Amino acid sequence: YFIVHLSILLIMAAVLLFALWVYSETHVRWGGNRDMSEIGAGTFLWLQGIQLAVVFLVVPAYSAASIVIERDQATYEILMSSTLSPWRIAWGKLTASMTQVGLIFVSLIPLVAITFLFGGVSPRQVVANYAFLFVLSCMLSTWALSISASVKTTLRAVIGVYAGTVIFGIVFFSISGVL
């Protein structure tokens, strides 16, 4: 988890620096006549694209094998014989997955906040974007848990989750492009 988290932070910081460089170069080439808020808004869009990629690539990974791995490690029967209902077990798995994802997004907030220095981004936009990312993460994580509960092997769970994520991503970006 630490290595994945650190990698995401480093990629996000590199994208932030690259986007700021690109928009600043464009600003200088236009003779400084462009509004500085365009730099902030453009950089914000780049960062949100990376966070959307994190949702589609990392979120399913945390939930894809969470239930099927209990079967592989022969702890599923012990888990089911506890006093926990299947609903509470699934809720616990979802909560654990969303906690890890939430920590990643909270740690990215300072990098996103740098765009406020240039303007062009309101706090309401940032809050709305994070709410959207949270809902999308919950949907993908819930779907990954359902796949994990319905297959017999970890490999099938991971392949099924990422195949569905690719299909969902294509549909999502197609609808976004139309809108």
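**Exercise 1. The surface of the chain**

Task: State how much area the chain exposes and what share of it carbon and sulfur atoms supply.

Solution. The chain exposes about 10,400 Å². Carbon and sulfur atoms supply 75% of that area. These values belong to a predicted model. Turning from area to residues, 35% of the 179 residues of the chain count as buried.

**Exercise 2. The elements and the overall box**

Task: Find how many helices and strands the chain has, and give the box that its C-alpha atoms fill.

Solution. Start with the elements: there are 8 helices and 0 strands. Read from the N terminus on, their order is α-α-α-α-α-α-α-α. Next, take the box along the principal axes: the C-alpha atoms fill roughly 70 × 30 × 25 Å. Last, consider the contacts between residues at least 6 apart in sequence: 81% of them join residues at least 24 apart.

**Exercise 3. Phe2 and a nonpolar patch**

Task: Decide whether Phe2 is buried or exposed, and name the residues that make the nonpolar surface patch of about 470 Å².

Solution. First, place the residue: Phe2 lies in helix H1, which covers residues 2–29. Second, apply the cut-off: exposed means over 50% relative accessible area. Phe2 has 62% relative accessibility, so Phe2 counts as exposed. Third, list the patch: Phe2, Ile3, Leu6 and Leu10 make it.

**Exercise 4. Ser141 and Ala64**

Task: Locate Ser141 and Ala64, determine whether each is buried or exposed, and give the separation of their C-alpha atoms.

Solution. Step one is location. Ser141 is found in helix H7, residues 123–150. Ala64 is in the loop between helix H3 (59–63) and helix H4 (68–72).

Step two is accessibility. Buried means under 20% relative accessible area. Ser141 has a relative accessible area of 0% and is therefore buried. The value for Ala64 is 1%, so Ala64 is buried.

Step three is distance. Ala64 and Ser141 are 77 residues apart along the chain, and 7.8 Å separates their C-alpha atoms.

Step four is contacts, leaving aside neighbours within four places in sequence. Ser141 is in contact with Val59, Ser63, Leu94, Ser97 and Met98. For Ala64, the contacts are Ala144, Ser148, Ala157, Val158 and Val161.

**Exercise 5. Charged side chains**

Task: Count the positive and negative side chains and state how far apart the centres of the two sets lie.

Solution. The chain has 8 positive side chains and 6 negative ones. The centres of these two sets lie 8 Å apart.

Notes. Residues are numbered from 1 along each chain as its sequence is written. This is a predicted model: local features need pLDDT of at least 70, side-chain atom pairs count only at pLDDT 80 or more; totals for chains, interfaces and linings use all residues. Side-chain values use heavy atoms; hydrogens and water are left out. Helices (H or I, at least four residues) and strands (E, at least two) are DSSP runs, numbered from the N terminus. Buried means under 20% relative accessible area, exposed over 50%, partly exposed in between (1.4 Å probe, protein chains only). Contact means heavy atoms within 4.5 Å. Accessible areas come from the Shrake-Rupley method with a 1.4 Å probe; for residues, only the protein chains shown count as cover. Lys and Arg count as positive and Asp and Glu as negative; His and the chain ends are not counted. The place of a charge is taken as NZ of Lys, CZ of Arg, CG of Asp or CD of Glu. Patches are made of residues with over 30% relative accessible area and no salt bridge: like charges are joined within 9 Å, nonpolar side chains (Val, Leu, Ile, Met, Phe, Trp, Tyr) within 5 Å. A salt bridge is a side-chain nitrogen of Lys or Arg within 4 Å of a carboxyl oxygen of Asp or Glu.
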